[in-house]
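Biologist: I'm new to this one. Please walk me through it, and keep it short.

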Amino acid sequence: MSTERSPQAVTPPGASPTPPPTRRTVIVATTVVGGAAVAGGLIAAPPALAAEGAVAAEGPPGSRLSLTVNGVRHTVTIDNRTSLLDLLREHLDLTGSKKGCNAGACGACTVLVDGRRVNSCLTLAVRLEGAEVITIEGLAKGDRLHPLQQAFIDQDAFQCGFCTSGQIVSGVGCIQEGHTGSRAEIREWMSGNLCRCGCYVKIERAVERAAADRKG
């Protein structure tokens, strides 16, 4: 009968014995996140994920945009996610257009884009290359107020004033579109602009008066 033993690993003098793998180390080593590879006990991300991480670190994609606001040409570089409202308020310092609901439900941010009424909080600025934008700041001619601005004063068509800029710009669009045949028609076509102070009757009168003066 042979007494020869199977060879065993011998730990060199001064070296700590390598502990057997535990359940935890096996799970960590065999868990691959998104295709990551285990090398030397460390989890290294594959090149594709590393590249995506580098792009994310550089910031979101941006674009160069040129548009005309209140008769002035502007060229800016913006984050592609920037709304027209944020472009006006934060980049061009035109704060007359208000951020109310920021969901297109109140109309406080209404501006004219190429003559059409839009909710600037829902409009991506990057889509407006070459567009012409009119805000509340662009309605007056020097010290001379726009007829609808003057009508709002004459009819006392505001209280807190927060919605007023959107109401006036929307009213200008309503007049230009020819939707002022009656107060009911004005009410219908101005229904996207909310007044939490309840000045609707006076707003209708102001739009009606400005429309009549325009025809006259």
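Biologist: Into what classes do the residues lining the largest cavity divide?
Modeller: There are 8 nonpolar, 3 polar and no charged residues in that lining. Here Ala, Val, Leu, Ile, Met, Phe, Trp, Tyr, Cys and Pro count as nonpolar, Asp, Glu, Lys and Arg as charged, and the others, Gly among them, as polar. Keep in mind that this is a predicted model: local features need pLDDT of at least 70, side-chain atom pairs count only at pLDDT 80 or more, and totals for chains, interfaces and linings use all residues. Residues are numbered from 1 along each chain as its sequence is written, and side-chain values use heavy atoms, with hydrogens and water left out.

Biologist: Which residues line the largest cavity?
Modeller: The lining is Ala157, Phe158, Gln159, Cys160, Gly161, Phe162, Cys163, Thr164, Cys195, Cys197 and Cys199. On a 1 Å grid over the protein atoms alone, a cavity is a set of points where a 1.4 Å probe fits but cannot get out; a pocket is an open set with protein on both sides within 12 Å along at least five of seven lines; lining residues have an atom within 4 Å of a point.

Biologist: And what volume does the largest cavity have?
Modeller: About 40 Å³. Grid points are joined across faces, edges and corners, and the volume is the space filled by probe spheres set on the points.

Biologist: How many cavities of 30 Å³ or more are there?
Modeller: The count is 2. The second largest cavity has a volume of about 30 Å³. Its lining is Lys98, Gly100, Cys101, Asn102, Gly104, Ala105, Cys106, Gly107, Cys109, Asn119 and Cys121. By class, that lining has 5 nonpolar, 5 polar and 1 charged residues.

Biologist: Asn102 is in that list. Where does asparagine 102 lie?
Modeller: In the loop between helix H3 (84-91) and strand E5. Helices (H or I, at least four residues) and strands (E, at least two) are DSSP runs, numbered from the N terminus. Asparagine 102 has a positive phi, near 60°, and is not a glycine. Most residues other than glycine have a negative phi.

Biologist: Why does asparagine 102 count as partly exposed?
Modeller: Because its relative accessibility is 39%. Buried means under 20% relative accessible area, exposed over 50%, partly exposed in between (1.4 Å probe, protein chains only).

Biologist: New topic. How many helices and strands does the protein have?
Modeller: It has 7 helices and 7 strands. From the N terminus, the order is α-β-β-α-β-β-α-β-β-β-α-α-α-α. Of the 216 residues, 34% count as buried.

Biologist: In what sense do strands E3 and E4 pair?
Modeller: Antiparallel, with E3 (residues 62-69) and E4 (residues 72-79) joined over 8 bridges. Two strands pair if DSSP finds at least two bridges between them. Glycine 62 has aspartate 79 in E4 as its bridge partner.

Biologist: What about the hairpin of E3 and E4?
Modeller: There are 2 residues between the strands, and asparagine 70 takes a positive phi near 55°. Asparagine 70 counts as partly exposed, because its relative accessibility is 22%. Glycine 71 is in the loop between E3 and E4 too. At 66% relative accessibility, glycine 71 counts as exposed.

Biologist: What separates the C-alpha atoms of glycine 71 and glycine 138?
Modeller: 7.8 Å, though they are 67 residues apart along the chain. Gly138 also helps to line the largest pocket.

Biologist: What volume does the largest pocket have?
Modeller: About 240 Å³. Its lining divides into 6 nonpolar, 4 polar and 2 charged residues. Among them are Leu112, Gly115, Ile134, Lys141 and Arg144.

Biologist: How do E5 and E6 pair?
Modeller: In the antiparallel sense, with E5 (residues 110-113) and E6 (residues 116-119) sharing 4 bridges. Valine 111 is opposite valine 118 in E6. The hairpin has 2 residues between the strands, and aspartate 114 has a positive phi near 50°.

Biologist: Last one. Is threonine 123 buried or exposed?
Modeller: Buried, because its relative accessibility is 18%. Threonine 123 lies in the loop between E6 and strand E7 (132-134). Neighbours within four places in sequence aside, threonine 123 is in contact (heavy atoms within 4.5 Å) with Thr82, Ser83, Leu84, Val118 and Leu128.
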